Amino acid sequence: MGRDTIADIITSIRNADMDKKGTVRIASTNITENIVKILLREVFIENVRKHRESNKKFLVLTLRRRRNRKGPYITILKRISRPGLRIYFNAQRIPRILGGMGIVILSTSRGIMTDREARLEGIGGEILKDWLPNITPPPLVDTSRGLPEMKEQKWIHEGLITESLPNGMFRVHLDNEDPILGYVSGRIRRSFIRILPGDKVKIEVSRYDSTRGRIIYRLRNKYSND
């Protein structure tokens with residue numbers, strides 16, 4: 001049985017992070033070189049150089065660290081598709097990692113690329129792995145409007161209602177250009193606040209599901225009387 005080079009990359013980087021090493025060496029193959037190019041372009045690593053030893057080729061990665069903060073830059077590093085269980089998605093169903101803060105790496109008919117590139121190309125492929133940087137998230141709640149603090153860790157985004165769907169659902173286009181499904185909160189229902197296409201809203205997104213969220217506030221429109 002052949003070696004799983006993708007799993008080797010994940011294990012090597014994870015072990016280097018645990019040991020607080022600045023560099024990690026991995027075997028140089030076509031697939032590892034393509035993945036490393038993506039990591040370098042997406043600024044998940046700082047640098048890469050080629051190394052040759054005993055007629056074997058290696059890639060030496062310089063890992064990225066959080067400046068002025070403890071801990072590694074990459075917090076979630078997960079192998080999705082495995083040799084014994086291949087997982088494929090079409091372009092419409094490629095998962096988003098926390099609303100686009102992380103990346104998914106796919107193997108497609110046009111080569112290895114990120115989830116954003118695959119959506120732009122309109123093609124799907126095999127989900128190889130996902131990466132999430134260790135970044136400071138947006139505020140969990142917007143206290144300026146007197147909203148209650150949530151127990152579960154969530155993010156607040158602003159977005160535009162683009163379409164009204166059945167059963168109180170809406171299609172929302174976030175400011176970071178990610179489309180998402182939204183449903184109105186109980187507070188909005190009790191206040192009889194109408195949500196219509198073209199309205200700007202605040203939507204609360206769970207860290208565990210970035211494909212849908214709860215509409216918690218309708219931003220005031222200067223042309224509106226209510």
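How many residues apart are Asp115 and Arg119 in helix H3, and about how many helical turns separate them? Keep that question in mind; the tour reaches this pair at its fourth stop. One thing to know before you start clicking: the model in your viewer is predicted.

**Stop 1: the whole chain**

Begin with everything displayed as a cartoon. The protein chain holds four helices and 13 strands. Now switch on a surface: the accessible area comes to about 13900 Å², and 49% of that belongs to carbon and sulfur atoms. Of the 226 residues in the chain, 38% are buried. If you look at contacts between residues at least 6 apart in sequence, 58% of them join residues at least 24 apart.

**Stop 2: the open sheet and its two helices**

Select residues 23-27, 45-53 and 56-63. The stretch 23-27 is strand S1 and 45-53 is strand S2, while 56-63 is strand S3. Together they make an open sheet in the order S1-S3-S2, with antiparallel pairing. S1 and S2 are the edge strands, each pairing on one side only. From one strand to the next, the twist averages 25 degrees.

Zoom in on S2 and S3, which run antiparallel and are joined by eight bridges. For a landmark in this part of the sheet, select Asn47, which stands opposite Thr62 in S3.

Next, add residues 5-18 to the selection. This is helix H1, which lies across S1 and S3 and runs at about 165 degrees to S1. Then add residues 30-41 for helix H2. H2 lies across S1, S2 and S3, and its direction is about 155 degrees from that of S2.

**Stop 3: two nonpolar cores**

In soluble globular proteins, nonpolar side chains tend to be buried together. To see this chain's own example, show the side chains of Ile13, Ile35, Leu61 and Ile105. They belong to the largest nonpolar core, which has 21 residues, and these four touch the most other members. The elements that contribute two or more residues are H1, S1, H2, S3 and strand S6 (103-108). H1 provides the largest share, with five residues.

Another core lies apart from this one. To find it, select Val172, Leu174, Val184 and Ile195, which are among its twelve residues.

**Stop 4: salt bridges around helix H3**

The whole structure contains eight salt bridges. Let's visit a few, starting with Arg110 and Glu121, whose closest N and O atoms are 2.4 Å apart. Arg110 sits in the loop between S6 and strand S7 (111-114), whereas Glu121 is in helix H3 (residues 115-121), so the pair ties together parts that are eleven residues apart in sequence. Glu121 itself is partly exposed, with a relative accessible area of 43%.

Now for the pair from the opening question. Select Asp115 and Arg119: they form a salt bridge, with 3.2 Å between the closest N and O atoms. The two residues are four apart in helix H3, so about one helical turn separates them. Check the surface here too: Asp115 is buried, at a relative accessible area of 2%.

**Stop 5: the barrel**

Move on to the strands S9, S10, S11, S13 and S12. These five close into a barrel in the order S9-S10-S11-S13-S12, and their pairing is mixed. Here the twist averages 50 degrees from one strand to the next. Strand S9 (residues 154-165) pairs with S12 in the antiparallel sense over seven bridges. To pick out one position, select Ile156 and look across to Glu204, its bridge partner in S12.

Still at the barrel, show the side chains of Asp175 and Lys200, which meet in a salt bridge (3.2 Å, N to O). Asp175 belongs to the loop between strand S10 (169-174) and strand S11 (179-184), and Lys200 to strand S12 (residues 200-206), so this pair ties together parts 25 residues apart in sequence. Lys200 is partly exposed, with a relative accessible area of 32%.

**Last stop: Gly168**

Which loop holds Gly168? Select this glycine and you will find it in the loop between S9 and S10. Gly168 counts as partly exposed, at 26% relative accessibility. Leaving aside neighbours within four places in sequence, its contacts are Gly182, Tyr183, Val184 and Arg189. Finish by drawing a line from Gly168 to Tyr183: their C-alpha atoms are 6.1 Å apart in space, although the residues are 15 apart in sequence.

Definitions and conventions: Residues numbered from 1 in each chain as written. Predicted model: local features only at pLDDT ≥ 70, side-chain atom pairs only at ≥ 80, totals over all residues. Heavy atoms only, no water. Pairing = 2+ DSSP bridges. Axes fitted to C-alpha atoms, helices over the stretch in contact; angles between N-to-C directions. Contact = heavy atoms within 4.5 Å. Buried < 20%, exposed > 50% of the residue type's maximum accessible area, 1.4 Å probe, protein only. Areas by Shrake-Rupley, 256 points an atom, 1.4 Å probe, with all protein chains shown as cover. Core = buried A, V, L, I, M, F, W, Y, C linked by side-chain atoms within 4.5 Å. Salt bridge = Lys/Arg side-chain N within 4 Å of Asp/Glu carboxyl O.
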